[in-house]
Amino acid sequence: MSEANMKKSILRAYAPASIGNVSLGFDLLGAALKPIDGSLLGDEVDIEIAEQFSLVVTGRFADKLPPDPDSNIVTRCYQHFIAVLEQQGHAKSAIPLLKMTLHKHLPIGSGLGSSASSIVAALHGLNQFFAEYFGKIPFTENELLLIMGELEGQISGSVHYDNVAPCFLGGLTLMAEHKEQVALQLPMFENWYWVSCYSGMNVSTAAARNILPKQVSMSNTIQFGRQLAVFIDALYRKDEKLAAAMMLDVIAEPYRKSLLPRFDESRAFAEQHGAIAFGISGSGPTVFAVCDNIENAKIINQWLTYNYIQNDTGFSHICQLDTSGASISHS
Ligand SMILES: Nc1ncnc2c1ncn2[C@@H]1O[C@H](COP(=O)(O)OP(=O)(O)O)[C@@H](O)[C@H]1O
Ligand SMILES: N[C@@H](CCOP(=O)(O)O)C(=O)O
């Protein structure tokens, strides 16, 4: 696109909410979400050329973020991205200044990968923007994922890719954490519905990581490894029953569920009403129930809406996996 046309246009990047861990894969599995009613469940970042850098924050959860733009992870994404462009040999004077607008649709500390959604929308948006501006994509998908993980690490206290990878790539992803292949996309059952209910409370990811023991017992280590290996095999063999049976969390849920009022009751209701799996999304308080038919998903969604939500910021959605991941549009 010519510079004159770019000056007139706004690029928008969207990045969906995600479920970290998916119960059985602490820090190693993640899934991107898309409500089946078409509602938006993810952050958006607009990018346009300006006289100076600025970040504007709007949207339902904008006022829950620090007011200082420099504390916003989107500003840090911009600064980091530009620094790497300069290291790559782009002259500072050849890099245009930008106005970025974050539409903060996801609640903070919700277990829906809120910081990851902002990071992915910002970095995917910047990569596409500069691809159009320079006529060459600055970073490959894998290089960009490495940067996304680094930024996520700045917020949660340790690098984990189980939100940024599904959010960026879409679907269900397994972390390989190899420098040339950070994440792998896995097959998923198209008939699975993921009822995702946010209670409205705030759980800090860093705090929910700190309450976990630093050592895992031998029996839990063996169960964790067995479940993950059998789950992946079952996905490829399309064995739904065995895959669902492996979706148990022996690493985090036993410690984190005490932070979540009505967790055991919600699991019991979901299981009695046909859920084939139930767990904490990321570090909570969002919980998810997996159903293999829409009728059960509707019953569980309604119960969670009335019983798990604790204030008027909470919500519940029947979702399927967002297989597209982050996306770009222009206006
Ligand atoms: N754009 C942003 N989106 C979400 N959190 C942000 C953003 N910018 C800065 N933060 C800060 O990062 C922290 C995110 O907390 P965390 O518990 O990791 O949330 P989540 O689990 O929802 O990603 C909060 O302290 C929040 O103020
Ligand atoms: N693997 C991480 C996932 C955190 O997800 P979030 O949505 O709560 O940020 C963990 O369990 O700590």
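Reader: Which residues does UniProt list for "domain: GHMP kinase C-terminal"?
Author: Residues 232-303, from an unreviewed entry in UniProt. Keep in mind that this is a predicted model.

Reader: How much of the span 232-303 is helix, and how much is strand?
Author: Helix makes up 50% of residues 232-303 and strand 12%. The C-alpha atoms at the two ends of the span are 31 Å apart.

Reader: And the domain assignment for the chain. What are the bounds?
Author: Domain 1 covers 3-187, and domain 2 covers 193-321.

Reader: How far apart are their C-alpha centres?
Author: The centres of domain 1 and domain 2 are separated by 25 Å. As for the contact, domain 1 puts in 33 residues and domain 2 puts in 37 residues.

Reader: Which strands supply the domain 1 side of that contact?
Author: Strands E2 (18-20), E3 (29-35) and E7 (172-178) supply at least two residues each. The largest share is from E3, with five residues.

Reader: What classes of residue are on that side of domain 1?
Author: The side touching domain 2 has 18 nonpolar residues, 14 polar and one charged.

Reader: Switching to ligands. Which residues come nearest to ligand 1?
Author: Ile73, Ser114, Ser115, Ser118 and Thr205, out of 19 residues around ligand 1.

Reader: Which helices give two or more residues to that shell?
Author: Helix H2 (73-87), helix H3 (114-134) and helix H4 (141-156) do. H3 gives the most to the ligand 1 shell, three residues.

Reader: How many in the ligand 1 shell are charged?
Author: In the shell around ligand 1, no residues are charged. The shell has 12 polar and seven nonpolar residues.

Reader: Where does ligand 1 lie relative to the domains?
Author: Between them, because domain 1 (3-187) and domain 2 (193-321) both give residues to the shell around ligand 1.

Reader: Now ligand 2. What are the closest residues?
Author: Gly20, Gly111, Thr205, Gly282 and Ser283 are the closest, and 17 residues surround ligand 2. Thr205 is also among the residues that come nearest to ligand 1.

Reader: Which helix gives the most to the ligand 2 shell?
Author: Helix H6, residues 205-210, gives the most, with three residues.

Reader: And the class split for ligand 2: how many nonpolar, polar and charged?
Author: Four nonpolar, 10 polar and three charged residues make up the shell around ligand 2.

Reader: Why does ligand 2 lie between the domains?
Author: Both domain 1 (3-187) and domain 2 (193-321) give residues to the ligand 2 shell, so ligand 2 lies between them.

Reader: Back to annotation. Where does UniProt place the "binding site"?
Author: The unreviewed UniProt entry places the feature at Pro107, Ile108, Gly109, Ser110, Gly111, Leu112, Gly113, Ser114, Ser115, Ala116 and Ser117.

Reader: Take Ser115. Buried or exposed?
Author: Ser115 counts as buried, because it has 21 C-beta neighbours inside 10 Å and the cut-off for buried is 20 or more. Ser115 is part of helix H3.

Reader: What does Ser115 touch?
Author: Leaving out residues up to four places away in sequence, Ser115 touches Ile73, Glu152 and Ile155. Ile73 is also one of the residues that come nearest to ligand 1.

Reader: And Ala116, buried or exposed?
Author: Ala116 has 36 C-beta neighbours inside 10 Å, so Ala116 counts as buried. Ala116 lies in helix H3 too.

Reader: Which residues does Ala116 touch?
Author: Ser18, Glu152, Asn163, Val164 and Cys167, again not counting residues up to four places away in sequence.

How values were computed
Residues numbered from 1 in each chain as written. Chains lettered and ligands numbered in written order. Predicted model: local features only at pLDDT ≥ 70, side-chain atom pairs only at ≥ 80, totals over all residues. Domains from an automatic or database assignment. Contact = placed C-beta atoms within 7 Å. Helix = DSSP H or I, 4+ residues; strand = E, 2+ residues; numbered from the N terminus. Nonpolar A, V, L, I, M, F, W, Y, C, P; charged D, E, K, R; others polar. Near = placed C-beta within 6 Å. UniProt positions renumbered as here; feature names shortened; annotations may be inferred. Buried ≥ 20, exposed ≤ 12 C-beta atoms within 10 Å, placed from the backbone.
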